[in-house]
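Dear colleague,

Please find below the structure that I am handing over to you, together with its sequence. My findings follow directly after it.

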Amino acid sequence: MKIKIILLFILLGFNAFSQEGTDGKEFKKRVLESTEVDFLLSYYNQDGSKSAVSGGIGSEKLTDVASNIVIAMPLNDDSVLTVDLGISAYSSASSSNINPFNATGASGGGDDDGDDDKVGSFAAAPASSPYGTPWQASSGASKNDELTAITVNYAHSSDSRNFIWNADVSFSNEYDYTSVGFGGGIANLFNDKNTELSLKANVYLDQWRPIYPTELHEYSKYGNDFLNQGYFSGVTVLDQNGQATTNYIPSAFETISAVNRNSYSASFGFSQVLSKKLQVSLFFDILQQQGLLSSPYHRIYFSDKANYYIGQAQYIPEYESESNVGVYKLADDIERLPDSRFKMPIGARLNYYINERFVLRSYYRYYSDNWNIQSHTINFELPIKVSDRFTVFPLYRYYTQTQSQYYAPYEMHLSTEKYYTSDADLSTFDSNQYGFGVNYTDIFTGAKIWKFGLKNVDFRFNHYQRSDNLTANIATIGFKFIMQ
């Protein structure tokens with residue numbers, strides 16, 4: 001399961017001023033004096049026991065390495081073009097169990113069931129004794145994946161530097177998903193630049209290439225006789241008592257016909273300098289999603305349906321324990337969710353300058369959607385300036401949410417329900433995130449690499465812990481270079 005906890009925030013600021021020359025002519029400073037290059041690298045790992053791919057139980061181990069290169073180029077005195085290129089590569093025990101069976105098993109160790117069978121690993125001959133377990137990674141191709149993304153942004157400032165508008169386009173792609181986005185925004189500063197109002201809107205047009213769990217893919221391909229054909233030909237299916245059976249028919253499963261997901265968002269912002277030491281900002285967002293909002297490879301097990309397995313019968317009684325190393329339960333269906341979701345976050349930031357060494361940064365957000373999820377986020381950061389160049393800062397974030405009306409834990413849904421998910425990201429939970437950061441700034445860019453001077457280095461480490469036992473560690477480092 002790819003959870004989207006990894007976040008790289010790139011903040012683009014535009015600061016300028018006008019000054020009066022001795023000859024009475026008015027000059028303006030360029031929005032960006034020279035090309036800037038940011039290089040960001042992050043490492044993320046997690047572990048847990050509620051894999052959505054395995055229906056709400058099983059390993060959630062995942063590692064992800066991501067990198068971004070952000071190049072900001074001044075086109076003239078008033079305009080800046082920014083290009084953000086990102087690449088992320090992950091390895092996931094949870095996602096690998098889209099195809100949970102061992103290399104000699106039902107799928108021959110190669111097929112993740114997102115395509116028709118073909119020569120090569122897709123055509124590997126099935127063996128008579130496949131097995132799997134939700135508590136370990138399989139050797140399926142979906143164990144690894146890469147995400148590539150690019151965003152291009154153009155921003156233009158007025159001569160007074162009190163009005164800024166921008167437009168952007170984006171593209172991202174991974175194994176089963178492609179996204180195209182575009183948007184823009186405006187910002188107006190007044191009251192001697194002590195007040196700012198902003199508006200931003202974005203549209204993302206996404207398309208799935210659905211990948212189904214192995215057993216459901218085979219059922220959709222061969223129908224009720226699928227256990228005698230394809231990957232499952234000659235494979236023994238077990239009932240709850242460990243006896244061979246041919247009764248497994250996942251009749252609730254149907255392939256997905258609509259594969260698009262469209263997202264629309266509008267953001268409103270207000271920022272005010274209240275005093276020399278205090279600044280407050282408020283934001284309000286509206287987001288609407290339409291289309292395929294469920295994940296086609298998330299399994300569902302119904303409590304009112306019989307259980308069927310592939311693997312070693314002696315592990316069936318301990319299926320829900322990590323001691324199960326040899327049997328995997330066959331799905332009843334995949335996650336089904338409504339094709340519409342409305343989200344509304346609202347929040348505030350408060351920054352207070354305590355003295356020349358301490359600044360308090362605080363953040364609060366309330367979130368609500370029409371899937372009955374409500375959440376609260378509180379974040380604190382305390383930068384401590386230890387020298388002219390070094391700043392250290394402790395970090396803390398608390399989050400709590402209520403569960404979606406469509407969520408139920410492993411094997412707690414009924415087949416009579418219209419919508420169902422066992423993805424713990426939609427459950428009730430609390431989380432705490434603790435961390436620290438170190439920032440180095442050299443305004444004179446003394447260190448140089450070729451034509452670029454090193455202006456800033458920022459390192460952060462966070463430990464994340466959720467009340468459902470999901471834990472994660474996140475480390476990021478960023479370098480800012482300026483062309484000289």
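With which side chain does the side chain of Thr178 make a polar contact? The partner is the side chain of Asn173, at 2.5 Å. Please bear in mind throughout that this is a predicted model.

**Thr178 and Ser172**

Thr178 belongs to strand 8, which covers residues 177-190. Its relative accessibility is 16%, and the cut-off for a buried residue is under 20%, so Thr178 counts as buried. Beyond residues up to four places away in sequence, Thr178 touches Phe171, Ser172, Asn173, Leu205, Asp206, Gln207 and Arg209.

One of these residues, Ser172, is located in strand 7 (residues 163-174). Ser172 is also classed as buried, because its relative accessibility of 19% falls under the 20% limit. With residues up to four places away in sequence again left out, Ser172 touches Leu147, Thr148, Ala149, Tyr177, Thr178 and Ser179.

**Asp332**

The loop between strand 16 and strand 17 (333-334) holds Asp332. Is this residue buried or exposed? Asp332 has a relative accessible area of 9% and is therefore buried. A polar atom of its side chain lies 2.7 Å from the backbone nitrogen of Phe302. Apart from neighbours within four places in sequence, the contacts of Asp332 are Pro250, Ala252, Phe253, Ile300, Tyr301, Phe302, Lys305 and Ala306. Of these, Lys305 is 27 residues away from Asp332 in sequence, while the C-alpha to C-alpha separation is 7.8 Å.

**Nonpolar cores**

In soluble globular proteins, nonpolar side chains tend to be buried together. The largest nonpolar core in this model comprises 37 residues. Those touching the most other members are Phe232, Val237, Tyr248, Ile310, Tyr319 and Leu330. Two or more residues of this core come from each of helix 2 (214-222), strand 10 (237-238), strand 15 (309-311) and strand 16 (327-329). A second core, separate from this one, has 9 residues, among them Tyr44, Leu62, Leu470 and Ala472.

Which residues surround Tyr319, once its neighbours within four places in sequence are set aside? Tyr319 is in contact with Ile57, Pro134, Trp135, Tyr301, Tyr309, Asn324, Val327, Tyr328, Lys329 and Tyr410. Tyr301 also appears among the contacts of Asp332.

**The second largest pocket**

The second largest pocket encloses about 310 Å³ of space. Its lining consists of 16 residues, and Leu292, Ser294, Arg336, Leu337 and Asp339 are the ones nearest the pocket centre. Sorted by class, this lining is made up of 7 nonpolar, 4 polar and 5 charged residues.

**Backbone angles at two loop residues**

Two residues in loops may deserve your attention when you review the backbone. Asp192 is not a glycine, yet its phi is positive, at about 55°. This residue sits in the loop between strand 8 and strand 9 (195-208). Asp192 has a relative accessible area of 71%, and exposed means over 50%, so it is classed as exposed.

Asn469, likewise a residue other than glycine, has a positive phi near 80°. Asn469 is placed in the loop between strand 25 (452-466) and strand 26 (471-483). Its relative accessibility of 58% is over the 50% limit, and Asn469 therefore counts as exposed.

Yours sincerely

Terms used. Residues are numbered from 1 along each chain as its sequence is written. This is a predicted model: local features need pLDDT of at least 70, side-chain atom pairs count only at pLDDT 80 or more; totals for chains, interfaces and linings use all residues. Side-chain values use heavy atoms; hydrogens and water are left out. On a 1 Å grid over the protein atoms alone, a cavity is a set of points where a 1.4 Å probe fits but cannot get out, and a pocket is an open set with protein on both sides within 12 Å along at least five of seven lines; lining residues have an atom within 4 Å of a point. Grid points are joined across faces, edges and corners, and a volume is the space filled by probe spheres set on the points. Ala, Val, Leu, Ile, Met, Phe, Trp, Tyr, Cys and Pro count as nonpolar, Asp, Glu, Lys and Arg as charged, and the others, Gly among them, as polar. A nonpolar core is a set of buried Ala, Val, Leu, Ile, Met, Phe, Trp, Tyr and Cys residues joined through side-chain atoms within 4.5 Å. Buried means under 20% relative accessible area, exposed over 50%, partly exposed in between (1.4 Å probe, protein chains only). Helices (H or I, at least four residues) and strands (E, at least two) are DSSP runs, numbered from the N terminus. Contact means heavy atoms within 4.5 Å. A polar contact is a pair of N or O atoms within 3.5 Å; within protein, one must be able to donate a hydrogen and the other to accept it, and residues adjacent in sequence count only if both atoms are side-chain atoms.
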